[in-house]
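Open the model in your viewer and keep the sequence panel beside it. Each stop below gives a selection and what to look for there.

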Amino acid sequence: MSTLWTRLRVLTAAVLTGGAALVTGAALAQDLKIGVVNPFSGGMALYGDEMTRGYEIAVAQANAGGGVLGRKIALVRGSATNPQEAIAAVEQLVGRDKVDLLSGTYVTAISNAASEAALNNGKLYWETNALARDLTDRGLPNFARSGPDSRSFAQRSVEGVLQLAIPKLGKAPKETKVWIEHEDSAFGTSIAKEQERLLKAAGVGTTLSAHNARAIDLSDSILRAKNANPDIWLSTGYVTDHNLLLRTAREQGFRPRAMILTGTGDTFETRDAVGKDFLDGILLVSYPRGDIGEAYGPGAGAFLKAYREKYGRDPIAPQAMSAFVGLKILIETMAAAKSTEYEKVIAAAAKMDKPFGSYETGYGVKYDETMQNTRALPVIAQWQGGEVKAVYPKEALAPGVTMIDLGRK
Amino acid sequence: MADLANILAVGILLGGTYALVSVGLNLIFGVIRVVNFAQGEFVMLGMYGAYAAYAVLGLDPAVALLVVLPALFVLGAALQRLVLARLRTEPTMQIFATFGLLMLIENAVLAATRGTAYSVPSAVAQASLSVGGVQVGASRLLALAAATLAAAGLGLFLRRTMLGRAIRAVAQDSAAARLMGVDVERIYWLTFGIGTALAGLAGCLLAPIYSLSPQIGTSFILPAFAVVVLGGLGSVLGAYVGGFIVGLTEAFAGYYLDPALKHAVLFAVFIGVLIVRPSGLFGQVGAEEVGLREQS
């Protein structure tokens, strides 16, 4: 039934939408066009849109300074909610809209397909947000990632366990039990396996457990964890499954001493679903936010101001600032390369060397041999009274912010 | 022992959720002989209806039922008259039509919400009861009670009222029912309306448990099909009992084997039951063909 289901969905979606790519830009022929591949429909549209807002601010600032390579920059959207649509979106962006290069992506699977399609069309694919390590490990010659990857998220979350949580437990790492929960796609699995490896290396006891992010009920996952009585519950998931896990934990009275969420759980969607009282003290491994300390991310406050002026509200999610910085790095790299050809842009990127703290997110630039930026790291934040505050590393703390208790006894 | 009691409670409560979603689906299946892929979307609309009632009128989901159920009844009846009735001699096309409705509703809600995951606060949403060490969420308990009442009420309605008898007559043989003076077209839109309203009931009561997304309906529909096929096509009791079979199978497989394997185990049981008893546990022999049988 699932095969029929999938075929019916694809067929009907194709008929209803008349194709995958949506072109919303009003780019002029002489503009330098960047094709933006993201889910602009479907359940992840909220984040595809949010990332693109970050791009729009970066482009507006660049154009105010004259653009790049003597041309104004224009963004052209290509909507993709799955790998098949990603390939179609790239074909349309390159063939019909004549984009010079491509960028994205909120979802790893979409990035994976879109970047290969970009290579087939001889175009650069500049990744700012998708996380899975595999994307850079493929060694595609047209691909570079400016933002953090799954390994850096895993490393940061393990730092959270070792530096923030365990000291509050009054236990040695070898006496500590960590339950590693994750959704079972490439996103959650890649992070969880790296977390397990790093924690085992530190001598911490671990148990790994996977769940389907679309499951109707996750009581089994919570009851298994509750039965194991871990000190720390470390989870990687999407918004809806994290919300359901947290609601079930509240319902089942599961209160490990520390809860750490990786990837999501840091937006109003989770606060509204679970309530600020239950969330208080929960740690979050996430992209740097606009309210981090200026010493860590110089200009973060200015980004926040620009976002508020342009969109009339605070950012929905921290992905926007990482996307903004990613596009800034791309524009600088194109200027250094004096070209949009992927061979020259990748070669220029490989030569860049900027220290941590060069950008609003606290990122620097130093690419490894796989074209992963090794100076792009997430931060650890914490739910405090219904708001999310960066609490690690200490340089990222905004003035007046301190880490509060983990909230669970 | 405490683990067993806990997981048994989880399975029964989950079964109540599945039964609640499946009763309307099975009614439509049994009477109109339509495999309604859009039933999950009607549940989703019920959830968003509860959210809208909360956001605009400040209503608790349990009270929002008074608005959402009639609205979904009218929507279902209208869709049957405007779409499915015109395809009644094309059963295969009816399936595609319900799939088209699924995509239409999902994408319309998506366009309206941009995929934001809304939550519906409820007086009972945060409450849970502890009975002998077993934690029971009040929202799921409410869904279980509603499923029981809906199944019992629907069963009584079908057996004790003239309209219910007419619906059963159409389910058994629409041509004979028409010869006996039953307005078959009226029965079809009434039944579709009732089935859709039952989806709205499920949506309202489940809204406080989940983060609302336009895709949440499709998460319900595959297990719901397993429920109606296991329980028996067209049987209200079958949908009710099937819900518990699916809920308990998922809960036990998820807890004792692996949460990532629970759907694999569920559909292995599903295939096993189909091989042994194609009509399901409470279905009539031959009923498995109803979805594709030509209708008069």
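The tour goes through a predicted model, starting with the domains of one chain and ending in the other chain.

**Stop 1: the two domains of chain A**

Colour chain A by its two domains: domain 1 takes 17–148 + 307–351, and domain 2 takes 151–286 + 379–396. The C-alpha centres of domain 1 and domain 2 of chain A are 30 Å apart. Where they meet, nine residues of domain 1 contact nine residues of domain 2.

**Stop 2: strands β1 and β2 of chain A**

Select residues 73–79 of chain A, which are strand β2. Is this strand enclosed or not? Seven of its seven residues are buried, so β2(A) is largely enclosed by the rest of the structure. In a regular strand, side chains alternate between the two faces of the sheet. Here both faces are covered, with A:Ile73, A:Leu75, A:Arg77 and A:Ser79 buried on one side, and A:Ala74, A:Val76 and A:Gly78 buried on the other.

Now add strand β1, residues 32–38 of chain A, which pairs with β2(A) in the parallel sense through seven bridges. To see one such pair, pick A:Val36, whose bridge partner in β2(A) is A:Arg77.

**Stop 3: A:Ala132**

Go to A:Ala132, in the loop that runs between β4 (125–127) and α5 (134–137) of chain A. Why does A:Ala132 count as buried? There are 23 other C-beta atoms within 10 Å of A:Ala132, and the cut-off for a buried residue is 20 or more. Leaving out neighbours within four places in sequence, the contacts of A:Ala132 are A:Thr108, A:Ser150, A:Ala186, A:Phe187 and A:Ser190. For a distance check, draw a line from A:Ala132 to A:Pro393: the two are 261 residues apart in sequence and 23 Å apart in space, C-alpha to C-alpha.

**Stop 4: the seven-stranded sheet of chain A**

Show the strands of chain A from β6 to β12. They form an open sheet of seven strands with mixed pairing, in the order β7-β6-β8-β9-β10-β11-β12. At the edges are β7 (205–211) and β12 (387–392); each has a single partner strand, so one side of each has no neighbour in the sheet. From one strand to the next, the twist averages 25°.

Within this sheet, select β6 (residues 177–183) and β8 (residues 232–236) of chain A, which run parallel and are joined by five bridges. One bridge pair to label is A:Ile180 with A:Leu234 of β8(A). Then add helix α6 (residues 150–169) of chain A, which packs on the sheet and touches β6, β8, β9, β10, β11 and β12. The direction of α6(A) makes about 165° with that of β9(A).

**Stop 5: the largest nonpolar core**

Which residues have the most contacts inside the largest nonpolar core? They are A:Val90, A:Ala114, B:Leu20, B:Val23 and B:Leu201, in a core of 236 residues. Helix α1 (residues 2–32) of chain B supplies the largest share of this core, 16 residues. Both domain 1 and domain 2 of chain A contribute at least three residues each.

Centre on B:Leu20. Beyond four places in sequence, B:Leu20 touches B:Ala143, B:Ala146, B:Ala147, B:Ala150, B:Leu201, B:Ala202 and B:Leu205.

**Stop 6: helix α2 of chain B**

Finish with residues 39–57 of chain B, helix α2. At 1.5 Å a residue, its 19 residues should span 27 Å, and the end C-alpha atoms are 26 Å apart, which agrees. Of the 19 residues, 15 are buried, so α2(B) is largely enclosed by the rest of the structure. Just after α2(B), select B:Gly58, which has a positive phi of about 70°.

Definitions and conventions:
Residues numbered from 1 in each chain as written. Chains lettered and ligands numbered in written order. Predicted model: local features only at pLDDT ≥ 70, side-chain atom pairs only at ≥ 80, totals over all residues. Helix = DSSP H or I, 4+ residues; strand = E, 2+ residues; numbered from the N terminus. Expected span 1.5 Å × (residues − 1). Buried ≥ 20, exposed ≤ 12 C-beta atoms within 10 Å, placed from the backbone. Pairing = 2+ DSSP bridges. Axes fitted to C-alpha atoms, helices over the stretch in contact; angles between N-to-C directions. Contact = placed C-beta atoms within 7 Å. Core = buried A, V, L, I, M, F, W, Y, C linked by C-beta atoms within 7 Å. Domains from an automatic or database assignment.
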